[in-house]
Amino acid sequence: MPTKAELAEELARLRQRVEEVERLEDDHARALSALRDSEERLRGFAAAASDWFWEMDADLRLCFVSERLRETTGVDPDEVIGKSRLQLGAGDTDEEKWNAHLADLRAHRPFRDFRYVYAMADGSRQYWSISGVPLFDDDGSFLGYRGTGRNLTDEYHARRIAFEAQDLLLQAVESFTAAVALFDAEDRLLLFNESYLAFHSAATETIGPGMTFEELIRIQIQHGLIPSAFGREEEWVAERMERHLNPREEFEVERSDGKWVRIREERTTNGGIFLTATDITETKSIERAEQEIRDRLRAVIDHLPAGLSLKNQDGQYMLVNQQFRDVYGLGETVLVGESPFDYFRHDEAEVFRAQDWMVLKTGVPMEVETEVTRGDGGKVFVMITRFPVLGSGGTPIGVGGIHVDITEMKEKEKQLRVARDEAERANRAKSTFLANMSHELRTPLNAIIGFSEIMEQGLFGPIGNEHYREYAEDIRRSASHLLSIISDILDLSKIEAGRMELHEEPIDLGAVVESCLTIVKETAANSGLKLQATLPKGLPQLVADKRSIRQILLNLLSNAIKFTPVGGSVCAEACVEADGSFALVVRDSGIGMAEEEIDLVLQPFGQVESVHTRSHDGTGLGLPITKSLAEMHGGQMVVESTVGEGTEITVRFPASRVLTWPGGAGRPSQNSA
């Protein structure tokens, strides 16, 4: 039987053993807890790095797939359990890539992130990624694979959308005619188009992503593309970088190749810079051409011999030239943006505004002469022509004005009026004197003519010597000619003095023509001429002064007979024309006149010099008196003539002097001698 000591010793050993067991249990519990924690962490990491877990046996058949496969892809795990990797396939994945994956499986090599296309039962496609490691027992025998899988379909779709968006962006950038470049937050080139490369001239091959903006502008300077940087390169770089990093408004740059570029820079939300550069060379050329046109137009405007102004609808000056300022004594005043009320007297400015308003309202130009107070207080007479300034729609948008200083002309007109009045007074005095001298001149001439006729005819007995009778005939002929001249002068003087009175009455013009033909009949016969008249039957009466009409007709017939050679003809006609006026026509086949000679013969004492003219007596007053008598009746005289063919003179009386036309002219009567 064990002793007490032995029992105590055994009990101590048991107690020690229990303590060791308890200690081992505690260690085991801690180890299990640590294992569970480690496994939980592993599962957490695996879950974070993948969507589902899978295992394959030694025959490469799936023997386990976690439920997460259904959640992430919609595929039932039971559908794939028992299928080999070869049976599952990889859709339309690249054949070379698929064969390499199968080779890894057969060689029991680990693989990572093998991506392939999985064909779903409904025909849709998903993009999966699997990773796996081979499993071996302690003897090194292959047991299968264990791994994870991920569904990349959403990631693929997002990436495709991003790629498509990027491709669209690249296409859009390349389609820009303007140069486009995008710089990141570190001011490095990310994106650009061909047009941007072209701005760097021969250095295009050295331009690429990652270059800083400063490197790019230094390349431009090295190739001498920036004239404004010549001789101050570093200063220009600093100025350009400051503008680039602190974008403001767009600006323009001239290049040494003759091009002009408009540059615009903007900050992006991520701190980068978006740059566009537009070629505006053509626009600049147009602007230069337009500026040249404006300069030339301005030079023309400033050298016009008249003042020019343009005002808008509110009456404010938009443009004035220096001549305008000179006309109104305004010196170098700008005037643009101001109105006439700022520079002219209020009442005169009111008149200007009213006239401008009328032109704007009617669209019709207006011309006025007016006196205006100058800026220096003096007065100036101006002729102002106002005209509407039309907009693109054809409606008035302003008023233009041409201002001509006519002060000197007005003064000359005043002087001319005074001289004219004096000349008219002198002429009237002369005409009055001649008219008053009618009796004093005609009485002695009539006595001379009468006494010479008595002596010529020997009424009181024969003259002793035949020469005295010839002298008496010469005296009578000369006195008669002088009386005719004096009568013409006195008639013209009466007309000019306004003392010729018309005794108007209804007259038979046909009878007047017949009587005048009788008077000149003998003269025409002696000259070897054919004299005739064309008078329609039923010719209406004319209200006129009978004596004046006879004088008109006799003057015309005498002139025609005088200037028609032997064998020619003279014809008198009378008719009512379509407009109701009464025409008296004398036509001859005489020597005629040139066009420039007609004005001469219509002037008092005007005669065309020729051998035929010099062989006949005359004063050159017949046609002027005839013209004046016609005009006193409200009519007119028209002369048509051709050298060598003859002359036709028409005296036309207004329709108001023709009595009621009886109708039916009938056949004209022909009277000839």
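**Briefing: sheets, a helix pair and cores in a predicted model**

Val133 has Arg146, a residue of strand 5, as its bridge partner. This pairing comes from a predicted model. The protein chain holds 20 helices and 23 strands. Of its 673 residues, 35% count as buried. Among contacts between residues at least 6 apart in sequence, 52% join residues at least 24 apart.

**The sheet with strands 1 to 5**

- Strand 4 (residues 125-136) and strand 5 (residues 142-151) are antiparallel, and 9 bridges pair them.
- Both belong to an open sheet of 5 strands, ordered 2-1-5-4-3, in which the pairing is antiparallel.
- Strand 2 (62-65) and strand 3 (111-119) are the edge strands, and each pairs on one side only.
- From one strand to the next, the twist in this sheet averages 30°.
- Helix 5 (residues 95-106) packs on the sheet and touches strand 1 (52-56), strand 3, strand 4 and strand 5.
- The direction of helix 5 makes about 125° with that of strand 3.

**The sheet with strands 11 to 15**

- Another open sheet of 5 strands follows the order 12-11-15-14-13, and its pairing is antiparallel.
- Strand 12 (317-320) and strand 13 are at the edges with a single partner strand each, so each has one side without a neighbour in the sheet.
- The twist here averages 25° from one strand to the next.
- Strand 13 (residues 366-373) and strand 14 (residues 379-390) run antiparallel and are joined by 8 bridges.
- One residue pair in this region is Val372 with its bridge partner Val380, which lies in strand 14.
- The hairpin of strand 13 and strand 14 has 5 residues between the strands, and Gly377 in this hairpin takes a positive phi near 95°.
- Strand 11 (residues 307-312) runs antiparallel to strand 15 (residues 396-405), with 6 bridges joining them.
- Opposite Gly307 stands His403, in strand 15.

**Helix 16 and helix 17**

- Helix 16 (residues 509-526) and helix 17 (residues 546-562) have axes that come within 10 Å and cross at roughly 35°.
- The crossing of helix 16 past helix 17 is right-handed.
- On the helix 16 side, the contact residues include Leu509, Val513, Cys516, Leu517 and Val520.
- On the helix 17 side, they include Ile549, Leu553, Leu557 and Ile561, along with Lys546 and Arg550.
- By type, the residues in the contact of helix 16 with helix 17 are 13 nonpolar, 3 polar and 2 charged.

**Nonpolar cores**

- The largest nonpolar core has 42 residues, of which Leu509, Val513 and Leu557 touch the most other members.
- Leaving aside residues up to four places away in sequence, Leu557 touches Cys516, Leu517, Val520, Leu531, Val570, Ala572 and Val586.
- A second, separate core consists of 28 residues, including Phe213, Leu225, Ala229 and Ile273.

**One residue of helix 17: Asn559**

- Asn559 is part of helix 17.
- Its relative accessible area is 23%, and buried means under 20% while exposed means over 50%, so Asn559 counts as partly exposed.
- Gly590 is 31 residues away from Asn559 in sequence, and the C-alpha to C-alpha distance between the two is 10.0 Å.

Methods. Residues numbered from 1 in each chain as written. Predicted model: local features only at pLDDT ≥ 70, side-chain atom pairs only at ≥ 80, totals over all residues. Heavy atoms only, no water. Pairing = 2+ DSSP bridges. Helix = DSSP H or I, 4+ residues; strand = E, 2+ residues; numbered from the N terminus. Axes fitted to C-alpha atoms, helices over the stretch in contact; angles between N-to-C directions. Left-handed = near helix turned anticlockwise from the far one by under 90°. Contact = heavy atoms within 4.5 Å. Nonpolar A, V, L, I, M, F, W, Y, C, P; charged D, E, K, R; others polar. Core = buried A, V, L, I, M, F, W, Y, C linked by side-chain atoms within 4.5 Å. Buried < 20%, exposed > 50% of the residue type's maximum accessible area, 1.4 Å probe, protein only.
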